[in-house]
Amino acid sequence: MLVLLPPSETKSPDGDGTPLDLAALGSPELTPVRATLVDALVTLAADPPAARAALGLSPGQDAEIARNAALRSSPTTPAARRYTGVLYDALDVRSMTRAQRARADRRLAVGSALFGLLRATDPIPAYRLSAGASLPGLPTLRTLWRPALGPLLAGTGELVVDLRSGGYRALAPVPGAVTVEVLSARPDGTRAVVSHANKAHKGRVARLLATTTAEPDGAVRVRALLRRAGLHVEHDGGTALTLVLPPV
């Protein structure tokens with residue numbers, strides 16, 4: 001089973017690993033696109049106004065541009081620890097037992113706008129590039145990634161549970177993947193997407209799937225696993241699951 005996570009805009013500044021080595025990352029077939037994007041970000045960082053426009057940043061976020069300028073020289077740390085924020089707080093890899101972490105390292109992956117696909121242990125620096133960014137002189141990220149990343153994800157031979165957000169799914173959809181939508185029930189019976197709750201519960205789902213000793217082989221088994229953990233999950237018979245949160 002492959003549990004495919006979205007990245008986060010926030011990233012830990014920590015790291016004591018050697019500088020970025022694209023050849024050391026998993027999925028070497030993605031190296032040409034990765035190299036193109038790293039080169040583009042480093043070059044773009046030399047022009048802060050252009051970088052702000054391309055990356056959707058304000059002048060107060062110039063530290064993000066500085067991170068991109070240092071992509072080739074700054075220290076790295078495993079991807080599962082580099083990303084931070086609500087989802088990754090709920091995933092909480094640091095609190096896993098050794099056995100749980102071993103399973104998580106095999107199952108977790110991150111869909112990245114810069115690196116395409118990262119395994120939990122892949123060493124990466126802090127950076128800034130979102131799926132919606134448009135880099136000068138390059139095709140869209142979707143145009144760059146889909147020919148390389150699409151076949152890779154489609155050919156894993158594993159059940160894929162795709163927890164990526166829409167913008168990252170668009171970079172390379174995964175045919176037949178199990179998806180999980182998180183909705184919050186309202187007192188009047190309607191349902192709504194709540195961003196914070198969505199991320200937190202996807203992190204919880206990711207932790208359950210990453211650490212379980214079970215090997216679910218489809219949406220029905222994933223739903224059963226999540227329901228045993230006390231989550232209210234609905235299934236329409238396809239590959240889409242809906243996690244419904246009770247009214248607050």
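**A walk through the predicted model**

Asp92 is partly exposed, with a relative accessible area of 31%. Partly exposed is the class between buried, under 20%, and exposed, over 50%, so a value of 31% puts Asp92 there. The model is a predicted one. Asp92 sits in the loop that joins H5 to helix H6 (98–107). Its backbone deserves a look: phi is about 50°, a positive value, although Asp92 is not a glycine.

Ser27 also has a positive phi without being glycine, near 55°. Ser27 belongs to the loop between strand E1 (2–5) and helix H1 (31–44). With a relative accessible area of 18%, Ser27 is buried. The cut-off for buried is under 20%, which is why 18% qualifies.

Stay in the loop between E1 and H1, where Pro19 is also found. Pro19 is partly exposed, at 40% relative accessibility. Setting aside neighbours within four places in sequence, Pro19 is in contact with Arg72, Ser73, Ser74 and Thr76. Pro19 and Leu57 are 38 residues apart in sequence, and their C-alpha atoms are 25 Å apart in space.

Cross to Ser74, one of the contacts of Pro19. Ser74 lies in the loop between helix H3 (62–69) and strand E2 (77–78). It counts as buried, at 16% relative accessibility. Beyond four places in sequence, Ser74 touches Pro19, Leu20 and Pro125.

Now follow the chain into H1. What span should the 14 residues of H1 have at 1.5 Å a residue? The expected figure is 20 Å, and the end C-alpha atoms are 20 Å apart, so the two agree. Buried residues of H1 are Val33, Arg34, Leu37, Val38, Ala40, Leu41, Val42 and Leu44. An α-helix has 3.6 residues a turn, so residues three or four places apart point the same way. The buried residues of H1 pack against helix H2 (48–55), H3, strand E4 (116–119) and helix H7 (141–154).

Next comes the nonpolar interior. The largest nonpolar core has 79 residues. Those with the most contacts inside it are Leu5, Leu108, Leu114, Phe115, Leu129, Val161 and Leu209. H1 gives the most to this core, with 7 residues.

Leu5 makes a good vantage point. Not counting residues up to four places away in sequence, Leu5 touches Leu87, Tyr88, Leu91, Leu108, Ala109, Val110, Gly111, Leu163, Arg164 and Ala206.

Leu5 also borders an enclosed space, as one of the residues lining the largest cavity. Rolling a probe the size of a water molecule over the atoms shows where empty space is left. How many cavities of 30 Å³ or more does a search of the whole structure find? The search finds 1. The largest cavity has a volume of about 30 Å³. Its lining consists of Leu5, Ala79, Ala80, Tyr88, Leu91, Leu108, Val110 and Ala120. These divide into 8 nonpolar, no polar and no charged. Helix H4 (79–82), H5 and strand E3 (108–112) each supply at least two of the lining residues.

Arg164 is another of the residues touched by Leu5. It lies in the loop between strand E6 (160–162) and helix H8 (166–169). Is Arg164 buried or exposed? It is buried, with a relative accessible area of 2%. Leaving aside neighbours within four places, Arg164 is in contact with Leu4, Leu5, Pro6, Gly111, Leu153, Arg169, Ala172, Pro173, Val174 and Lys202. Ser112 is 52 residues from Arg164 along the chain, and their C-alpha atoms are separated by 9.8 Å.

Lys202, one of those contacts of Arg164, leads to H9. H9 has 17 residues and reaches 24 Å from its first C-alpha to its last. That is close to the 24 Å expected at 1.5 Å a residue. In H9, Ala197, Asn198, Ala200, Lys202, Gly203, Val205, Ala206, Leu209, Ala210 and Thr211 are buried.

Finish at the largest pocket, with a volume of about 390 Å³. It is lined by 22 residues. Pro6, Pro7, Ser8, Glu9 and Lys199 lie nearest its centre. Helix H5 (86–91) and helix H9 (195–211) each supply at least two residues of the lining. The lining of this pocket is mixed: 9 nonpolar, 7 polar and 6 charged residues. The lining of the largest cavity, by contrast, has no polar and no charged residues.

Conventions:
Residues numbered from 1 in each chain as written. Predicted model: local features only at pLDDT ≥ 70, side-chain atom pairs only at ≥ 80, totals over all residues. Heavy atoms only, no water. 1 Å grid on protein atoms, 1.4 Å probe; cavity = no way out; pocket = protein on both sides within 12 Å on 5 of 7 lines; lining within 4 Å. Points joined across faces, edges and corners; volume = space filled by probe spheres on them. Helix = DSSP H or I, 4+ residues; strand = E, 2+ residues; numbered from the N terminus. Nonpolar A, V, L, I, M, F, W, Y, C, P; charged D, E, K, R; others polar. Buried < 20%, exposed > 50% of the residue type's maximum accessible area, 1.4 Å probe, protein only. Contact = heavy atoms within 4.5 Å. Expected span 1.5 Å × (residues − 1). Core = buried A, V, L, I, M, F, W, Y, C linked by side-chain atoms within 4.5 Å.
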